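This report walks through the strands, sheets, turns and nonpolar cores of one protein chain. Please keep the sequence and the coordinates at hand while reading.

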Amino acid sequence: MKNSIKVLNLIILLFLTTSCDNDNIVEQEEFTSAEFTITGELKTYSTIKFENSSKLANKFLWDFGDGMYSREREPEKIYTQKGFYDISLDVTDTTTGIRDIRIKSVMIEYGRVYMRGIGIEDFPDTNMLGQKWDTDSDPDLYFELFMENIRVVDGINYIINDLNPESHYVYWSFASPYLLPDLNKPYLLKLFDRDDGESESIGYTNTVQFSELTSDVPHDTIEVKSADGKIVVNYFVEWE
Ligand SMILES: [Ca+2]
Ligand SMILES: [Ca+2]
């Protein structure tokens, strides 16, 4: 009898232990937890998407770290300022009242570049034949800005006639800042002299990709030269 009670106790103990273990496993697997991933370019004025992979939660509160909040399950977000942001997702299972929070930090870089003017620091005195740009008077200068093979700014309206030959410095300020449509494409500037309705090429600069410059401390001016170094151009830019 004594032995059989012992065996029974052991069986009950085993059963309890097993069922306890099972309960624990079930609880751990189905515990409310907050989790998310961030997709998209981490740049200002880019749409960033938040994929919500939280478990056992039906109430969500997103804090984007810039004073903005959302209660959507999978919100989208556009940052307009460069900086570090702590993004938190606070989830609740309203039936159990269990809550969890997940925080991730992101660095948002500049996503926009405006050009507000172009400065010509220098250009050659003469053409390839060694002739002056203008036989009767001083050179007459204008530019065209290209993105790949597309002319994005036609500077013919900004032409400066009869430049002082002693000073090759010219600064063109745009009436309204020009937003560069694609920072990943190469930009270059072509310079022309114009007489009697005909344009003569002075030359063009090396290309610059503004996307390579957006992670750095932003500069107000970016200097670009021609391959032979005779044309020196400054882009005056603003970052956003
Ligand atoms: Ca000329
Ligand atoms: Ca002239």
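## Strand 9 and its partners

Strand 9 and strand 12 are paired in the antiparallel sense, with seven bridges between them. Within this pairing, Leu145 is found opposite Leu189 of strand 12. The model described here is predicted, and every statement below should be read in that light.

Strand 9 (141-147) also pairs with strand 10, again in the antiparallel sense, in this case over four bridges. Here Glu144 has Asp154 of strand 10 as its bridge partner. Strand 9 and strand 10 together form a hairpin that has two residues between the strands.

## The nonpolar cores

The largest nonpolar core consists of 22 residues, and Phe143, Leu189, Leu191 and Val233 are the ones with the most contacts inside it. Two or more residues of this core come from each of strand 8 (113-122), strand 9, strand 12 (187-195) and strand 15 (232-239). A second core, separate from this one, has seven residues, among them Ala34, Phe50, Ala57 and Val91.

Phe143 can be followed in further detail: leaving aside residues up to four places away in sequence, Phe143 touches Ile118, Gly155, Leu189, Lys190 and Leu191. Leu189, which is in this contact list, is also the residue in strand 12 that stands opposite Leu145, and both Phe143 and Leu189 are among the residues with the most contacts inside the largest core.

## The sheet 11-8-15-14

Strands of a sheet pair through backbone hydrogen bonds, in either a parallel or an antiparallel arrangement. One open sheet is formed by four strands in the order 11-8-15-14, with antiparallel pairing. At its edges stand strand 11 and strand 14 (221-225), and because each has a single partner strand, one side of each is left without a neighbour in the sheet. From one strand to the next, the twist averages 20 degrees.

Strand 8 and strand 15 run antiparallel and are joined by eight bridges. One of the residues that can be located in this pairing is Tyr114, whose bridge partner in strand 15 is Glu238. Strand 8 and strand 15 are also among the elements that give two or more residues to the largest nonpolar core.

## The sheet 4-3-6-7

An open sheet of four strands, likewise with antiparallel pairing, has the order 4-3-6-7. Its edge strands are strand 4 (69-70) and strand 7, each of which pairs on one side only.

Strand 6 (83-93) and strand 7 (98-108) run antiparallel and are joined by 11 bridges. Asp86 has Ser105 of strand 7 as its bridge partner, while Val91 stands opposite Asp100 in strand 7. Val91 is also included in the second core of seven residues.

## Turns and exposed loop residues

Strand 6 and strand 7 form a hairpin with four residues between them, and Gly97 in the turn has a positive phi of about 80 degrees. Thr96 is found in the loop between strand 6 and strand 7, and it counts as exposed because it has 12 C-beta neighbours inside 10 Å. Although Thr96 and Leu56 are 40 residues apart along the chain, their C-alpha atoms are separated by 9.5 Å.

Which residue in the turn between strand 9 and strand 10 has a positive phi? It is Glu148, with a phi near 55 degrees, a positive value in a residue other than glycine. Glu148 lies in the loop between strand 9 and strand 10 (150-154) and counts as exposed because 11 C-beta neighbours fall inside 10 Å. Asp162, which is not a glycine either, has a positive phi of about 50 degrees; this residue lies in the loop between strand 10 and strand 11 (170-179). Asp162 is classed as exposed because of its 12 C-beta neighbours inside 10 Å.

## The chain as a whole

The protein chain has one helix and 15 strands. Of the 240 residues in the chain, 18% are buried. Among contacts between residues at least 6 apart in sequence, 58% join residues that are at least 24 apart.

Terms used. Residues are numbered from 1 along each chain as its sequence is written. Chains are lettered from A and ligands numbered from 1 in the order in which they are written. This is a predicted model: local features need pLDDT of at least 70, side-chain atom pairs count only at pLDDT 80 or more; totals for chains, interfaces and linings use all residues. A residue is buried if 20 or more other C-beta atoms lie within 10 Å of its own, exposed if 12 or fewer, and partly exposed in between; C-beta atoms are placed from the backbone. Two strands pair if DSSP finds at least two bridges between them. Two residues are in contact if their C-beta atoms, placed from the backbone, lie within 7 Å. A nonpolar core is a set of buried Ala, Val, Leu, Ile, Met, Phe, Trp, Tyr and Cys residues joined through C-beta atoms within 7 Å. Axes are lines fitted to C-alpha atoms, for helices over the stretch in contact, and angles run from 0 to 180 degrees between N-to-C directions.
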